[in-house]
Amino acid sequence: MSYTVIHADCFEWMACREEYSITAIVTDPPYGVKEYTESEMEKRRQKKGGIWRIPPSFDGHARNPLPRFSVINDDPCERQNVYDFFYHWAKLVIRLLVPGGHVFIASTPLLSDIVSRAMREAGFERRGEIIRTVSTLRGGDRPKGAESEFSELSVIPRGLWEPWGLYRKPLSEKTVAENLRRWKAGALRRDTNSLPFCDLIPSGKTPRLERQIAPHPSVKPQEFLRKLVYASLPFGTGTVLDPFSGSGSTLAAAEFWGYDSVGIEKDAFFFQLSQSAIPQLAKLYPQTVSLSG
Ligand SMILES: C[S@@+](CC[C@H](N)C(=O)[O-])C[C@H]1O[C@@H](n2cnc3c(N)ncnc32)[C@H](O)[C@@H]1O
């Protein structure tokens with residue numbers, strides 16, 4: 001078995017782990033920090049207020065709760081909490097990564113600027129942003145309480161994409177080529193047809209089968225994660241870390257490619273779930289060879 005999931009707080013785990021032991025990070029953190037805290041998860045499970053809200057229903061179907069990030073975006077103290085969390089996190093991560101190691105980190109358009117500032121100030125180079133197209137029920141609403149009066153307006157765009165920040169730990173060698181020879185890191189693996197890794201990835205809702213195998217509120221699609229994970233190890237060697245591994249979808253993608261990976265998950269329920277979900281997700285769509293398109 002080439003993956004390991006650890007039931008722990010990633011901050012504590014990373015602080016004890018040896019320097020230069022990780023080659024790449026592919027992760028989907030709690031975007032707004034607080035949505036996966038024990039108290040917010042309890043409110044979600046009890047369906048009692050908190051940051052998780054049921055999106056408006058327009059076609060009669062019941063919706064699953066989604067975190068409402070405008071709650072955080074509108075409050076300077078909350079924004080500072082997000083900055084502090086990611087700055088502290090990035091400082092721990094940069095120590096673990098080999099020079100030239102990449103970080104792929106999911107975010108939301110409302111908060112990605114804060115994460116980006118924290119990552120840069122912790123010492124990372126920003127290498128761009130990957131756009132995962134999605135179809136959410138976030139945004140697009142008419143002004144609250146005056147929906148008929150302003151029926152032709154939306155307060156905020158409907159969210160149709162998810163930003164994934166791409167960062168790199170600075171090289172230790174003079175050139176990318178020298179860094180690749182020494183650390184096996186510093187560049188992105190081209191896809192299986194030798195096309196460059198592209199920053200616009202058509203995606204969508206996680207397929208029902210994957211959500212049944214891994215019923216986590218934020219489970220990401222295998223098709224999308226396999227593209228990121230594949231690109232993250234230039235030679236397919238080294239270790240991919242997901243410090244917020246949830247149901248283990250990143251580790252499943254790594255397992256699909258035969259990459260070594262480690263996941264950290266602090267919630268006992270999601271940790272247990274990942275043990276059964278990873279091998280099942282990794283076995284899906286065995287015919288996938290091409291990453292392009
Ligand atoms: C957005 S979800 C990731 C979901 C994952 N991408 C999947 O497909 O299942 C974030 C996860 O990070 C976990 N988490 C939050 N804070 C953590 C911490 N300090 N250490 C480890 N895990 C943490 C949460 O319990 C949650 O499962």
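The following paragraphs lead through the sheet, the helices that lie across it, the ligand site and one loop residue. The model is a predicted one.

The account begins with the sheet. Strands of a sheet pair through backbone hydrogen bonds, in either a parallel or an antiparallel manner. Here, 8 strands form an open sheet in the order β1-β10-β9-β2-β5-β7-β6-β8, and their pairing is mixed. At its edges are β1, residues 3-7, and β8, residues 200-201, each of which pairs on one side only. Within the sheet, β5 (residues 97-106) and β7 (residues 161-168) run antiparallel and are joined by 5 bridges. One residue pair can be located directly in the model: His102 has Arg168, in β7, as its bridge partner.

Two helices may next be placed against these strands. Helix α4, residues 76-96, lies across β2 (22-27), β5 and β9 (239-242), and the angle at which it runs to β5 is about 145°. Helix α10, residues 268-283, lies across β1 and β10 (260-265), running at about 165° to β1.

The strand β10 also leads to the ligand, since β10 and α1 (10-16) each supply at least two residues of the surrounding shell. Which residues come nearest to the ligand? Of the 23 residues around it, these are Asp28, His216, Ser247, Ser249 and Glu265. By class, the shell divides into 11 nonpolar, 6 polar and 6 charged residues.

Individual polar atom pairs give further detail of this site. An N or O atom in the side chain of Glu265 is 2.6 Å from an oxygen atom of the ligand. The backbone contributes as well: a nitrogen atom of the ligand lies 2.9 Å from a backbone N or O atom of Cys10, and a polar backbone atom of Lys266 is 3.3 Å from a nitrogen atom of the ligand. On its own, the ligand has 600 Å² of accessible area, of which the protein covers 97%.

The last stop is Glu18, in the loop between α1 and β2. Which residues does Glu18 touch, leaving aside those up to four places away in sequence? They are Arg95 and Leu96. Although Glu18 and Arg95 are 77 residues apart in sequence, their C-alpha atoms are 8.3 Å apart in space. Arg95 and Leu96 fall within the span of α4, residues 76-96, and the contacts of Glu18 with these two residues thus bring the path back to the helix that lies across β2, β5 and β9.

Key:
Residues are numbered from 1 along each chain as its sequence is written. This is a predicted model: local features need pLDDT of at least 70, side-chain atom pairs count only at pLDDT 80 or more; totals for chains, interfaces and linings use all residues. Side-chain values use heavy atoms; hydrogens and water are left out. Two strands pair if DSSP finds at least two bridges between them. Helices (H or I, at least four residues) and strands (E, at least two) are DSSP runs, numbered from the N terminus. Contact means heavy atoms within 4.5 Å. Axes are lines fitted to C-alpha atoms, for helices over the stretch in contact, and angles run from 0 to 180 degrees between N-to-C directions. A residue is near a molecule or strand if one of its heavy atoms lies within 4 Å of it. A polar contact is a pair of N or O atoms within 3.5 Å; within protein, one must be able to donate a hydrogen and the other to accept it, and residues adjacent in sequence count only if both atoms are side-chain atoms. Accessible areas come from the Shrake-Rupley method with a 1.4 Å probe; for residues, only the protein chains shown count as cover. Ala, Val, Leu, Ile, Met, Phe, Trp, Tyr, Cys and Pro count as nonpolar, Asp, Glu, Lys and Arg as charged, and the others, Gly among them, as polar.
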